[in-house]
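Reader: Hi! I would like a close look at one part of this model, the protein surface that faces a DNA strand, with some context on the chains around it. Could you walk me through it?

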Protein chains: 2
Amino acid sequence: MLKKQQLYQQFKQDIQLQHWAAGQVLTQQQLAQHYAVSRIVVRDAQQTLLSEGWLTAHGKAGMRVPGFSAAEAEELAMLRLQLEPLALTLAAPKLNFSQLGLAEDVLQQMHCGKALPPYQRGELNWQFHRLLYQPCDKPHLLQLLDQLHQQVSRYLGYQEHALDYAGTSADEHQQLLALLRSKDTTAACALLTAHISHAAALLVQYLKNKQDA
Amino acid sequence: MLKKQQLYQQFKQDIQLQHWAAGQVLTQQQLAQHYAVSRIVVRDAQQTLLSEGWLTAHGKAGMRVPGFSAAEAEELAMLRLQLEPLALTLAAPKLNFSQLGLAEDVLQQMHCGKALPPYQRGELNWQFHRLLYQPCDKPHLLQLLDQLHQQVSRYLGYQEHALDYAGTSADEHQQLLALLRSKDTTAACALLTAHISHAAALLVQYLKNKQDA
DNA sequence: CTAATTTAAAATGTATACATTTTTTGTCAA
DNA sequence: TTGACAAAAAATGTATACATTTTAAATTAG
């Protein structure tokens, strides 16, 4: 596999697991040495991670590991609420049973085996949602959603530790599939909206508490 | 100035002016030679342009200059309509007169001097809108909008040649400012929606005609 | 002691050279 | 002729070396 991609994944995962502290400033050389690759490889991965929000620019030299805030979590939820129901509305009429089957497979992977690491859980969760939106056939919309979920997944470490949300989330996912199978697009979108709001509210609440302490 | 940024701007502009034909496949070496820089510089610019949609991937080697389609123009308009009124709603209450003044300055630059090249006209147009949205204080929303307008600006060459829209557009911009000055957020959003729809409809119509011919 | 300027160190930008992968070309057998 | 396979060409990935820019430190003037 390409070193650039290896580093990209490893580094992203390390940020999510908070092996690099929020606020810390990192240099290309530091990372090149730490991960035992040349600076070129770091530069390539860096640019991608910057554009995806896993890193933020820090003056002209260095990149900063971004922190977490309730305000940001709230904004991301707002944007999801603005775009995901739209995607589902467009996609629902075109969803066939084989696609719903794929989504169900992902769901099973997600909830049967216990104790998945956060990055894997987040990956599967987005795979599930993505499969439902895919048939909307709007590449730019799907790309924006991919980006948003990159951001959201930064917070998944928190959700994992703080919230006992897995059970409710599983139920909501199953209900969503049932509504889509019965072609009740309106109800599916309403449920999706509630699903996103619910998850976001818990996360925001947790972050606010943590902020006070 | 950094060569990477020089190349980034020059190349983007060349694509917009269709000096590189849509569908054409370009290699790093080709571009490095053509623009007289090293491949490293091309790689850096390439990655940015890929993530912004000015180029698309083409297998494992080479990058393709993307084409234009009515469907894509329609999708971009849909996304603008979904996000820009939201941004304006959030920003309008916080807009002060000095900010509105800045916007008016941009408008003057845009419509007084005649015959601006397309990339400059597009830049100013987005500067105007961006100034109005800025106070919403939602970095991710603003970032998504920046991206969307990168895409839209790819089409600006067409708008320039095909549509005699400048007059109407100028009027709508002035009206929008007036409504914002009088703190009529609702009306401003309605006008913004009409403004985006109007411009998009003309562009889509033009592209559909061209597609038939 | 503060602030400004100079100097050294460190970090990033860029070019070149080499390695690996991918694409194309050409050959041969069915 | 067609298709599979092998070899050559071309393109991208990666490392190293050097240039430029940026940051930090040190020095000196006020």
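Author: Happy to; what follows starts at the DNA and then moves outward to the chains.

Please keep in mind that this is a predicted model. Around DNA strand D there are 17 residues, and those that come nearest are Lys3(A), Lys4(A), Ser38(A), Gly59(A) and Gln28(B). Both protein chains therefore appear in that short list, if you go by the letters in the names, with a residue counted as near when its C-beta atom, placed from the backbone, lies within 6 Å of the strand. Moving from residues to elements, two or more residues each come from α1 (3–16) and α3 (39–52) of chain A, and from α2 (28–35) of chain B. Of these, α3(A) provides the largest share of the surface near DNA strand D, with three residues. In chemical character, that surface divides into six nonpolar, six polar and five charged residues.

For chain A there is also a record to set beside this. An unreviewed UniProt entry places the feature "domain: HTH gntR-type" at residues 1–68 of chain A. In the model, that span is 53% helix and 9% strand, and its end C-alpha atoms lie 32 Å apart.

Chain B has a small piece of architecture to look at too. Three strands of chain B form an open sheet in the order β1-β3-β2, with antiparallel pairing. Its edge strands are β1 (25–26) and β2 (56–57) of chain B, each of which pairs on one side only. Strand β2(B) is joined to β3 (residues 63–64) of chain B by two bridges, and the two run antiparallel. At the level of residues, Thr56(B) has Arg64(B) in β3(B) as its bridge partner.

Stepping back to the whole of chain A, you will find ten helices and three strands. Along the sequence they follow the pattern α-β-α-α-β-β-α-α-α-α-α-α-α. The C-alpha trace spans about 55 × 45 × 30 Å along its principal axes. With 213 residues, a compact globule would have a radius of gyration near 17 Å, so the 18 Å of chain A agrees with that expectation. Buried residues account for 30% of the 213 residues in chain A.

Finally, a word on confidence. Chain A averages a pLDDT of 92, and 96% of the residues score at least 70. Within chain A, helix α4 (residues 70–91) has the highest confidence, at 98, while helix α8 (residues 156–162) has the lowest, at a mean of 69. Where pLDDT is low, the predicted coordinates should not be read in detail.

Note on methods
Residues are numbered from 1 along each chain as its sequence is written. Chains are lettered from A and ligands numbered from 1 in the order in which they are written. This is a predicted model: local features need pLDDT of at least 70, side-chain atom pairs count only at pLDDT 80 or more; totals for chains, interfaces and linings use all residues. Helices (H or I, at least four residues) and strands (E, at least two) are DSSP runs, numbered from the N terminus. Ala, Val, Leu, Ile, Met, Phe, Trp, Tyr, Cys and Pro count as nonpolar, Asp, Glu, Lys and Arg as charged, and the others, Gly among them, as polar. UniProt positions are given in the numbering used here, feature names are shortened, and annotations may be inferred rather than shown by experiment. pLDDT is the predictor's confidence in each residue, from 0 to 100. Two strands pair if DSSP finds at least two bridges between them. The radius of gyration is taken over C-alpha atoms; the globule rule is 2.2 Å times the number of residues to the power 0.38. A residue is buried if 20 or more other C-beta atoms lie within 10 Å of its own, exposed if 12 or fewer, and partly exposed in between; C-beta atoms are placed from the backbone.
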